[in-house]
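This briefing introduces a structure to be read alongside its sequence. Please keep both in view while working through the points below.

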There are 2 protein chains.
Amino acid sequence: MNVDGRLARGQRTRTAVLDAAVSLASASGLDGLSLGHLAESLGVSKSGLFAHWRSKEELQLATIDRAVAQWQEQIIAPALRTPRGVRRIHALHEARIVFYAGRVLPGGCFFATTEFEFNARPGAVRDRLAEVIAAWTAFLERLVAEAVELGELPADTDVALLAYEIDAYGIAAAMRSRLLDPEVTYRHARSGVLGRLRALCPDPALLPEGPS
Amino acid sequence: MNVDGRLARGQRTRTAVLDAAVSLASASGLDGLSLGHLAESLGVSKSGLFAHWRSKEELQLATIDRAVAQWQEQIIAPALRTPRGVRRIHALHEARIVFYAGRVLPGGCFFATTEFEFNARPGAVRDRLAEVIAAWTAFLERLVAEAVELGELPADTDVALLAYEIDAYGIAAAMRSRLLDPEVTYRHARSGVLGRLRALCPDPALLPEGPS
DNA sequence: TACTAAAAAGAACGACCGGTCGTATATATT
DNA sequence: AATATATACGACCGGTCGTTCTTTTTAGTA
């Protein structure tokens, strides 16, 4: 288990840089993120960054991967610890709102910011972001499909549509919570999805009580 | 009605510049929009822009105003030509989707892009964008409230929540239509709102037929 | 025709951008 | 102890950024 101390040091630096990069990019975008600012905010030299990534684009791609891992840990993992079906769907959405409301990232949502930033800019970054959102969409649809299979949602449910709707509530929350009243926004995002699921789910005991 | 030819020329230039600025900013953001590119794409000198706006920020603010006017003409005006109530709500959403699907702007949606870009960057631009989205939200809520008053939606409808939901479908469409399958995305955005309104509206004749 | 004012161009600026290079410093291997 | 390697640094490059200043062109006025 003894690892090379040099590699360990590099790994430590890499992680610290990418964590800071995800934070900064969530607020300023992957393009607005400048190597000079990033290096300065970490107390390292700009040129030192090039020892780990040969170009800014490579660092941008690595930053995306890091943000995916963070999303996996903080939003997807909690949901997977919840029983399949509507409860898992609800847990996923709830973890997302908690993540936004907890101000984990200064910009709110890394993916919402960067996907809007790059959706009209061809290149490797855009392609990678498209892959990420496709995987996220597929995951959401799988959760909805499972709920249908379990009989917790009607058999004629439009799975892709419901997944779209749930995601839309989250995206809107990420945007509006920073420009309008956050509390009101989160309440809408929460009760929107909850109301939707409650209207479809035949077993009301599976979902939390509370004001619509 | 005879106007000063010099001023008229300036007005023409100003309009042309702002139209191009809205287009470019919808794809690259208000910050990614560089004065050099903007000037070059118009066949104008960079310094000439400063005859009309004293700084980039001033031009950014003017660009926002121009985008608001465009939104007013192409999305709000058509809706206001439709009878009040759920039909007007539906017309508004439909005009929005048509605007996105018609590729009027290369980036899809000026506001979605810039609001995500600036939601974590304090300053005059962010403040102006916050005003714009607040006005848009108020407008949407007014349309929903009118439908309730007309009896086309239940009296106990959560007006602000329904307005949030309708807007969320639009925001999600702007983002996903550029990274995932556009046709599927627009179908979801359309049938999502339509399904929502049909489930609430007691008079089915007010809304178009068609698959869910 | 002379004068004025608006619009636009041109050249130049300091600051910062992403990126390169040579070098110094740790840590490992022999 | 000598050597190799991964990491990190400081100095610097060409280019672009927003911005300023000066000059020229265009249009209206007396």
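How far does a polar side-chain atom of A:S34 lie from a phosphate oxygen of DNA strand C? The distance is 3.0 Å. The model is predicted, and the points that follow describe the surroundings of the DNA strand, the relation of the two protein chains, and one residue with its annotated region.

**Polar contacts with DNA strand C**

- The side chain of A:S34 places a polar atom 3.0 Å from an oxygen of a phosphate in DNA strand C.
- For A:K46, the partner is a base nitrogen of DNA strand C, which is 2.9 Å from an N or O atom of the side chain.
- For A:R6, a polar side-chain atom lies 3.4 Å from a base oxygen of DNA strand C.

**The surface near DNA strand C**

- Two or more residues each are given to this surface by α1 (5-32), α2 (35-42) and α3 (46-49) of chain A, and by α1 (5-32) of chain B.
- The largest share, five residues, is that of α1(B).
- There are 24 residues around the strand, and those that come nearest are A:G5, A:K56, B:T13, B:S47 and B:H52.
- By character, the residues of this surface comprise six nonpolar, twelve polar and six charged.
- Sugar or phosphate accounts for 61% of the atoms of DNA strand C within 4 Å of the protein, and bases account for the rest.

**How the two protein chains are related**

- A turn of 180°, with a shift of 0.0 Å along the axis, lays chain B on chain A with an RMSD of 0.1 Å.
- The relation is therefore that of a two-fold axis.
- Both copies use the same surface, since 100% of the contact residues of chain B recur in chain A.
- Among the residues of chain B, B:A168 comes closest to the rotation axis, with its C-alpha at 2.6 Å.

**A:Q70 and the annotated region**

- According to an unreviewed UniProt entry, residues 11-71 of chain A carry the feature "domain: HTH tetR-type".
- Over residues 11-71, chain A is 82% helix and 0% strand, and the C-alpha atoms at the two ends are 20 Å apart.
- A:Q70 is found in helix α4 of chain A, which covers residues 56-80.
- Is A:Q70 buried or exposed? A:Q70 counts as buried because its relative accessible area is 18%, and the limit for that term is under 20%.
- Leaving aside residues up to four places away in sequence, A:Q70 touches A:V22, A:F99 and A:L105.

Methods. Residues numbered from 1 in each chain as written. Chains lettered and ligands numbered in written order. Predicted model: local features only at pLDDT ≥ 70, side-chain atom pairs only at ≥ 80, totals over all residues. Heavy atoms only, no water. Near = heavy atom within 4 Å. Polar contact = N/O pair within 3.5 Å; in protein donor to acceptor, adjacent residues only side chain to side chain. Helix = DSSP H or I, 4+ residues; strand = E, 2+ residues; numbered from the N terminus. Nonpolar A, V, L, I, M, F, W, Y, C, P; charged D, E, K, R; others polar. Least-squares fit on C-alpha atoms with pLDDT ≥ 70 in both. Contact = heavy atoms within 4.5 Å. Buried < 20%, exposed > 50% of the residue type's maximum accessible area, 1.4 Å probe, protein only. UniProt positions renumbered as here; feature names shortened; annotations may be inferred.
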